[in-house]
Every structure is written in structure tokens, then in C-alpha cells.
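Here are a few exercises to work through with the model open beside you. Try each one before you read its solution.

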Amino acid sequence: MTTEAVSVRAISLELLLSILKEGEYSHLELSAALEKYQYLSKQERGFLTRLTQGVLERQIELDYILNQFSNTKTNKMKPVIRCILQMGVYQLKYMDSVPPSAACNEAVRLTAKKGFSQLKGFVNGVLRNISRNLDKIVYPDENKSPILAASVRYSIPEWMLLQWSRDYGEQKAKSVAAAFLKKERTCVRVNRMKTTPEALIQALKRQGIAAERVVFSEFPKLDYALYLSGYDYLAKIPEFADGQFTVQDLSSMLVTHIAAPKKGDYVIDVCGAPGGKSLHAAELLLGEGFVEARDLTDYKVSLIEENIKRSGLKQICARRIDAKILDKDSVEKADLVLADLPCSGLGTLRKKPEIRYRITKEDEVSLVKLQREILSVVWQYVKPNGFLMYSTCTMDRMENEENTAWFLKQNPQFSLVYERQFFPDEGEMDGFYMACFKRTG
């Protein structure tokens, strides 16, 4: 193997330790690494991305395999050694282009490089044993233990699968879990204040980038979303730097699309960072009206401001305001309030696979409390006959349907005009919940 290949594995190991030990987010860490190591070839960056994301996506299965071949169980291993072994098993099982000898040898080198030379024999022995016996790995019996079998197969915690099975049925739970392991193309929203989908498709084609229109028969007017593939580095695309398009998941686009702000509306986005829905709303205003995008910290506000600047839109500003505290100046000011609130994020496991290992049922209960606290404040910003769009990027009835029922009970002056749970197995999209309320009194 080349020295570059070894360095790529070392980078991946550092990323994984940062994510798994330090609690960082994979999409942010990987994005920063790809920017830092731009000198790597496209193939090497692809290897780095796949190995890092693959270990995160398959961690439960990788540990299950390791525990069959190692006398020291994974929960007793040093975190660095466990991570190196997981990387090795992932390459052996899922990366056919990597020779088994390379996966084993590079794992041993990483072990020594991290200061654990005394464990080189252990790492080498475990991985070579697995390499020789990949076809003899025993998985849980789906008939005897269907939830455990699905948990190992899809690397989803059992409690999560049980919750989805209870809420949506066992088959749906398995279908959703399987969807999180399927790769999706990058989805972008065309800034129609700067270009058209047709013009952008042609501009990208000239650079060798494939851009395909998203077809969503249920929402035919959502004709400004594209799937991109074949690009090397997003920030290097001139049209991206010029704000002609924004990366945004289809389900996230649907929030503003369904809320449908119209020309002249005043829109408040109470938890707006990094600004996707706010900018979308500003585009739909067609130059008349205004969007106020808010968030809790200076850092989050700076993310919104950065995207506003890139977009070139003028009918929008960013402000630091705590959504839990009533802003008296905003009472009954908004035609539309967007409330895409902090949530468990279980609909985004394809992009943020590590969330599945962090969120607990207790976290969900705490988040419901926070969501209701915010909703109790921000409804007051809605004008009579105005709208409140509540959304989350999760699949959890407590945070979704039960919050909607609670809100309607607490606020009889609102009526429910739209409610929908979107699932990741319905296409190349995140799991997302939306409930749109109209203030009738």
C-alpha cells in the first residue's frame, strides 16, 4: 500500500475517535477533513469518506462480528483498538477493492503508530481470523429474535427498532432501518432568484457534473430540486460559491414548500440555522415581504449570515434570539412562523449515523419538554389567519403527533391544516414530520 493510503486510514481513525469519543458530528468533521486534505486525490477522499461513514453506519454489526472472534469483548477494549478493529472488519466485509492483507497490515501499523505496539499481535490475529472465516459469521436467527437480528443487520439499537415497530409496524421499522444504509445523491435547491433549473443543469454538465431533476409526483410544483452526482469538491463549484444553489434535503425543502409563504408575507423562522428553510422562504417571497431568521447563539447566526451573503437575497436578516423567551415586539407580527425545532434527529441517520448510538429514550422525553416550551412561546407571533409550521427531522410519535395533539388542546384558536410523517424509505430523503396550523382566532 502507498504511504498516502496509510495516511488516509490514519485520518479516518482520528475522525472516528473525534466522533465516537469526543461527541463531534460526523458531517462536520468529515467536511472539515475533506477541506483540510484537498491535496488527496478524488479516489483517496472517496476512500476516506466511505471508510469513516461505513464504520459509523455498521458499528453494531462490526462489534457483533468482533465479539465472535475476540476473547476480549469490544466493550472491554481500549477505544483506539476497538476503532482500529472496526475499521479492519469494515474493509474486509464491505470494501472488495481492499486486499485482506492490506486491511490487516495497515491496522497493525495504526496500532503501533498510536503507541500500542504490545497489541499488534492481538489486532493482527483477530483480523486475520475474521478474514479467513468471513463466510462462517453467525448472525442472530430472524425467526427466534427478529428485533435483535434486525439490530445487528442494520446497526440500529434494539430500543429504537422496538419503538418504530410499535409506532409504525415491524415491517415498516425494518424498511426504514434498511433505507439508512442506502446511499443517496446530494440534493440541492436551485436559487431561482439567480438562475433556472435548466440553466444550472447545463452549467454543471459542462463541468462533468450530473444534475437530475427531482420528480415528486405528489408535489409537482416542487420543480426546483436537483440530485447531483459526480462532483469532486462542492465548494469548488463556481455556481455553489455564487449562491445559485443550496444543499438541502428534499424533506427539508418540503417544509417551506408546503407552508407556502406568499409575496409580501412576513416570516419568522425561530430556529433557523444554518438557514435553508429561511432562504427558501425568502426566494418564495419574490422580492416582496421579509424573512427574519433567528437562532440561539452567535455561531449559529453567523452560519445563517454566511448563507444569506452567498445567496444574494435581500429580503432576509439573521438575529440572535432565544426561541424560549417571548419577543414582545414580534407578537402577532408574522404571516408565517417556521418552527423546525431541536429534536432527536432520528430521520437523519443516513447523514449523521452516529446519532443512533447517542440518543436515548430519556433524551426524547427531554426534547418533548423543550419543544413544547418553544411552541408555547412562538405561536404568539402568528397573526390572526396566519400559519405556524411545526417540523422535526425525526420519527417519534412523542415529538411529532403527540406534540401536535397537545398543541391543539392548549391552543383552540389554531386548527390543523396539514400533517404528514415522511419516511426515508419513500425515496432519497430524510425522515421528517410536519404539522401546519392556522390561527383562526
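**Exercise 1.** How much space lies in the largest cavity? Then work out what lines it.

*Solution.* Keep in mind that this is a predicted model. Start with a search of the whole structure: one cavity of 30 Å³ or more turns up. The largest cavity holds about 40 Å³ of space. Next, look at its walls, where you'll find R9, I84, M87, G88, Q91, A103, E106, A107 and L110. Two elements, α5 (79–94) and α6 (100–113), each give two or more residues to this lining. Finally, sort the lining by type: five residues are nonpolar, two polar and two charged.

**Exercise 2.** Find I130 and decide: is it buried or exposed?

*Solution.* First, locate I130 in helix α7 (residues 120–132). Now check its relative accessible area, which is 0%. Buried means under 20%, so I130 counts as buried. Then see who it touches: leaving out residues up to four places away in sequence, the contacts are I65, L66, F69, V89 and L92. Take I65 as one of these: I65 and I130 sit 65 residues apart in sequence, yet their C-alpha atoms are 8.1 Å apart in space.

**Exercise 3.** In what order do the four strands of the open sheet come, and which strands stand at the edges?

*Solution.* Read across the sheet and you get β2-β3-β1-β4, with antiparallel pairing. β2 (210–213) and β4 (245–247) each have a single partner strand, so they stand at the edges, with one side lacking a neighbour in the sheet. On average, neighbouring strands here are turned by 35° against each other, ignoring direction. Now zoom in on β2 and β3 (residues 225–229): four bridges join this antiparallel pair. Across from R213 you'll spot L226 in β3.

Key. Residues are numbered from 1 along each chain as its sequence is written. This is a predicted model: local features need pLDDT of at least 70, side-chain atom pairs count only at pLDDT 80 or more; totals for chains, interfaces and linings use all residues. Side-chain values use heavy atoms; hydrogens and water are left out. Two strands pair if DSSP finds at least two bridges between them. Axes are lines fitted to C-alpha atoms, for helices over the stretch in contact, and angles run from 0 to 180 degrees between N-to-C directions. Buried means under 20% relative accessible area, exposed over 50%, partly exposed in between (1.4 Å probe, protein chains only). Contact means heavy atoms within 4.5 Å. On a 1 Å grid over the protein atoms alone, a cavity is a set of points where a 1.4 Å probe fits but cannot get out, and a pocket is an open set with protein on both sides within 12 Å along at least five of seven lines; lining residues have an atom within 4 Å of a point. Grid points are joined across faces, edges and corners, and a volume is the space filled by probe spheres set on the points. Ala, Val, Leu, Ile, Met, Phe, Trp, Tyr, Cys and Pro count as nonpolar, Asp, Glu, Lys and Arg as charged, and the others, Gly among them, as polar.
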